[in-house]
Amino acid sequence: MSQPRGDASLIWAVRGLAVASGGIVLLIVAFLALEAIPALREVGLRRFFTDASWHPADGADRGAFNLVPMVAGTLTVATGAVLIATPLGIASALFCRFYAPGALGRAYRRLVELLAGIPSVVYGFWGLVVLTPLIRQWQPPGQSLLAGILILTVMILPTVALLSESSLRSIPAAYLRGATALGLSRWATIRGVALPAARSGIFTAVILATGRAVGETMAVLMVMGNIVQVPGSVFDPVRTLTANIALEMGYAMEVHRSALFVTGLMLMAIVVVLVAANARLGREGRRA
Amino acid sequence: MRDAPAPAVPSLPRGGTDWADRAVTAAVWSVALLFTGVFLWIVGDLVRHGLPHLSWGFLTDAPMDAGRAGGIAPILVSTFLIVGVCLAVSLPLGVGTAVFLAEFSRGESLPARLVRGSLDVLAGVPSIVFGLFGNALFSLYLGMGFSILSGGLTLACMVLPILIRSTEEGLRAVPDDYRKAAAALGLSRTATLWRILLPAATPGLVVGLVLGIGRALSETAALLFTSGYVARMPGSLLDSGRSLTVHIYDLAMNVPGGEANAYATAVVLVTLLLVINMLTFQIADRWLHRRITRT
Amino acid sequence: MRRRAVTLSNLPALMGLAFAAACSPGTEGAGSGDGTLEGRITITGSSTVAPLMGEVARRFEAEHPGVRVDVQTGGTSRGIADVRRRVAQIGMISRGLRPEEEDLDAVAVALDGITLIVHRDNHVATLSHDQVVDIFTGRVRRWDTVGGREAEITVVSKADGRATLELFLDHFGLRRDEIHPSLVIGDNQHGIRSVAGDPAAIAYVSIGTAAFESSQGRAIRMLPLDGVEPTLAAVQSGEFPASRPLNLVTFGDRSPPVQAFLSFAASERVQDLVEAQYFVPAPR
C-alpha cells in the first residue's frame, strides 16, 4: 500500500508513541528486579515459597520469607470481587442503556462516574468505620476477606459498568432496529444482539477491573486485617501482596526492603499470568 | 445528549411478556437501586461529616496545625497541577498509541499484541509499585526530586492503559464504511484520522478521560513517594505539592483529630470530580458537534 | 487558576528545566555574607514525626524567609535511606539509632510513649506484664481468663519493622515470631479505629494519640503499663516504662541552614508545637 508523505510521518509518530507506552512496563519490571536482587541472592527464590511464615525484619538468615499466603490472599480477594462486580456491572450498564428512561439513565450514569472517582482512601475509611464493625457483629473480627471483597466490588463496579456501557452504546443502531423488527423481546434482543456485539468491550472492562482489584492497596490494607495466612473462610483476616508492601515499606531496611521488591515482582508475575489467561480466553471467546 | 453521533438509538420494546424478560427487568432495576443505595450511603456519610466544616475560607486558606485547622488552598492548586501534567503527557501518548492499535496495525500482528499485552500488565500494576517506580525514575534518576512534575508523570504512566483502551474501543466502533468512503474520496489517512475517525471516537476518549482523571484524582500511594507531602503553595512544577488524597490520608490515618477536615476535603474532592465530569462531557459534545458539522 | 494556565503552557520548557536540574547537584544551602540564611532543606522520614516537622518548618521559614523547608514522609527507613543517599539533608526517625546506624548524627526533638488500649466498654482495669505477654503470644485467648467478659480477644498488632512494634517487643522481651495477632494494622489511627469498632480488641498505640482520641469521645480506654498510668507527664519524667525518642538525623557535614534548623527544632521555641501534636518535648 503506498502512502502519501504526510501519512508516513503520522505512522512513524504513532508507532513511536506505541513503543513508548508499551515500554513503561519493561522499565517497571527492570526497576523492581534491580531492587529485588539482594534478597534473591541472600535468601534465594525458593524460600519465598517454602519458609514457615513471613518475618523478614529478622534478616536473611533468621527471618522467614514465605509469600504464598499473600499470593492466595490477593487471588481470592480479587477473584471474589470480580465475580460479584462483573454481573452487577453489566446489569448496571444495561440499566443505563436499555432500561432507564432517558433522564434517569443520564443521572444514574453520572452517579456511577462519581463512584469511579471516590478515592480509595475514602472507601477504605468507610469500610473500616462502617462495614467492618457490621461484619464483626456477625462474625468477629470483622476486618476480613469478606470486607475486602465487598469494598473492592464497590470500587471496581464503576469500571465494569462505565466501559460496558460505552461499548453497548457503540453498537450500530441498525442491529437493534433489526432485532426489534423481528419482534424480539427486550431481553432477547439484549442477549442475542447487544451483549454479543459488545463482547470485546465488556471483556476489556473486566480485564481492567481485575487489574484494579489485584493492584488496589490502601482500601484493602484498611479493611482486611493483614494477617499472613491462607484464608480458611471469608471471615478470616488476610494480607494481600499490595498491603504487604504498603504496610512495611516505610520501615523496612536492607534485606527486608529488598524482600518487599520481590513481593512487587510476584505481583507483576500474577498480573502477567492473569493477562495471558484472559487473552487466551478472549481469543477463544471471539472464535466461538 | 451525549449519545453517539449515529442516529438516535431506538428504544427496545418495553412490554415483555415472557417470564425471563420480566425477571431480567426486575434484576436490572434492583442492581441499579442497590448501586444507588451504596452510593447514597457512602456519599451521604461524607457529606454529613464534611459539610459542617466547609466554608469559603476552607478553599482559600492554607492548612494550619498539621491540617486540623485552616483550609486547603495550596493543596487544591497542587492537585490541579499534578492532574494537568498527567493529562498533558498521557493524552498525546494515549491517543497516539490507541490510533496505532486500532488503525495502523493488524489486530493479531506481533507489535500490536506486544503493546496490548504490556498495556494490560500496566493496568494491573499496583499503585504502590507505581509510587516506588516513580520515586526511583523521576525523583531520583532523572533528578526531578519530590515535585509536581514527578507526581504528574507517574500518574501519566498509571492512567495510560485506561485512556488507550477506551480510545481504542471508540475507534473500533467507527464503522468501516467511514474509512472506505474516506479512502474513496481520496482523503489521506492523516486527514481521515483527524476529520472523521477521532471525532467519531470521541465518546470513547471521553469515557477514558473521565476514568483517567478519576483515577488520577483519587490516587494516594503513587503520589506519597513522588509529588510528596509539602502543603505549601507551589511556585513551580518542580516544587513538591501535596495532593487532596494525600492530605485526606494523612489527616484520617496519621493526624489525631484530623478527621473532620479529612471529611471536608473528601467532599471537595468528590464535588470537584462531579464538576470535571460535567465539563468534560460538555466540551466533548461541543467539539463533536463542530467537527461533524464541518466535515 | 490563572497561574495554572501560565505554568502549563510552559510545560515543555519546564520539562527541559527539570532535566537540566538533574545535572546540577541538589538543594544544599549556605549562609550569605550578612548572616541571613538561604537555601532549601529537604526533610524526609517517619510519618509519626512528619506533621510536627511540617509545623516546625513553617515557623522556621517565617523567621528565615530565605530558607525553604520541604517536609516529606514515607517512614523511618526512608528517612535514613534518603539522608545516606543525600536526597534529603535531614531524616526523621521515630526511634533511637541502632548500632549499625552510627554513621548518622541524631538530635531528639520529642518523646513519645506507647501504651495499651482497649474498647471503652471493656471493664478490665489493668493487665499484668505476664498477662499482656500471654495475650499477645496467644496463650490467653479469652477475656474471661483475665477477668473480663466472655469474648474472644482480638489482638491488634503492627506490621514488621514499625517502630512502635519494635518498642513493644523490646519492652515485653518478645520476639517477632512469638506474637500471634488477630489483626495487623499500619498507622496509629488505624489501630484506634480498629479498637473503637471492636469491644473485644486490644492494641498498643502512641500515648499522645490515644489520650487525644479518648478525650474526643472515641470509644477507647488506655490501660496502665506495668502499673504506670499512661500520661504525657509520666513519659516526660522518665517514669513511664515504654517511651521512644523522635529524632532528626543527619549524615556527615551540616550546612548553616541545616544546623540552624536542627537547633531550632530542638529548642524551646517549638515546645508549643510539640505539645500541640500530643508529644512530649525532649529533655534538654
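**Two interfaces, questioned**

Author: In this predicted model, chain B and chain C bury about 3500 Å² between them, and 60% of that area lies on carbon and sulfur atoms. Phe146(B), Tyr229(B) and Arg232(B) together supply 17% of what chain B buries against chain C, more than any other three residues.

Reader: Thanks! What makes Arg232(B) and Asp70(C) a salt bridge?

Author: The closest N and O atoms of Arg232(B) and Asp70(C) are 3.1 Å apart. The rule asks for a side-chain nitrogen of Lys or Arg within 4 Å of a carboxyl oxygen of Asp or Glu, so the pair qualifies. Across the interface of chain B and chain C, the rule finds six salt bridges.

Reader: And how many residue pairs are in polar contact there, between chain B and chain C?

Author: The count is 17 residue pairs, with both residues at pLDDT 80 or more. On the side of chain B that touches chain C, the elements giving two or more residues are strand S1 (63-64), helix H3 (73-103), helix H5 (127-141) and helix H10 (244-253) of chain B. H3(B) gives the largest share, six residues.

Reader: Why is Phe146(B) put in the nonpolar class and Arg232(B) in the charged class?

Author: The classes go by residue type: Phe is on the nonpolar list and Arg on the charged one, so the two residues fall in those classes. By this scheme, the side of chain B that touches chain C has 26 nonpolar, eight polar and six charged residues.

Reader: Let's turn to chain C. Which domains does the assignment give?

Author: Domain 1 of chain C covers 12-111 + 244-281, and domain 2 covers 112-237. Their C-alpha centres lie 32 Å apart.

Reader: With centres 32 Å apart, how do you know that the two domains are in contact?

Author: Contact is judged on heavy atoms within 4.5 Å, not on centres, and twelve residues from domain 1 and 13 residues from domain 2 take part, so the domains of chain C do touch. Between them they bury about 1100 Å², 56% of it on carbon and sulfur atoms. On the side of domain 1, Arg244(C), Tyr278(C) and Val280(C) lose the most area, together 61% of what that side buries.

Reader: Why is the pair Arg98(C) and Glu166(C) called a salt bridge?

Author: Their side chains meet at 4.0 Å, N to O. The cut-off is within 4 Å, so this pair is counted as a salt bridge. Across the interface of domain 1 and domain 2 of chain C, the rule finds two salt bridges and one residue pair in polar contact, both residues being at pLDDT 80 or more.

Terms used
Residues are numbered from 1 along each chain as its sequence is written. Chains are lettered from A and ligands numbered from 1 in the order in which they are written. This is a predicted model: local features need pLDDT of at least 70, side-chain atom pairs count only at pLDDT 80 or more; totals for chains, interfaces and linings use all residues. Side-chain values use heavy atoms; hydrogens and water are left out. Domain bounds come from an automatic or database domain assignment. Buried area is the accessible area (1.4 Å probe) that two parts lose on being put together, summed over both. A polar contact is a pair of N or O atoms within 3.5 Å; within protein, one must be able to donate a hydrogen and the other to accept it, and residues adjacent in sequence count only if both atoms are side-chain atoms. Helices (H or I, at least four residues) and strands (E, at least two) are DSSP runs, numbered from the N terminus.
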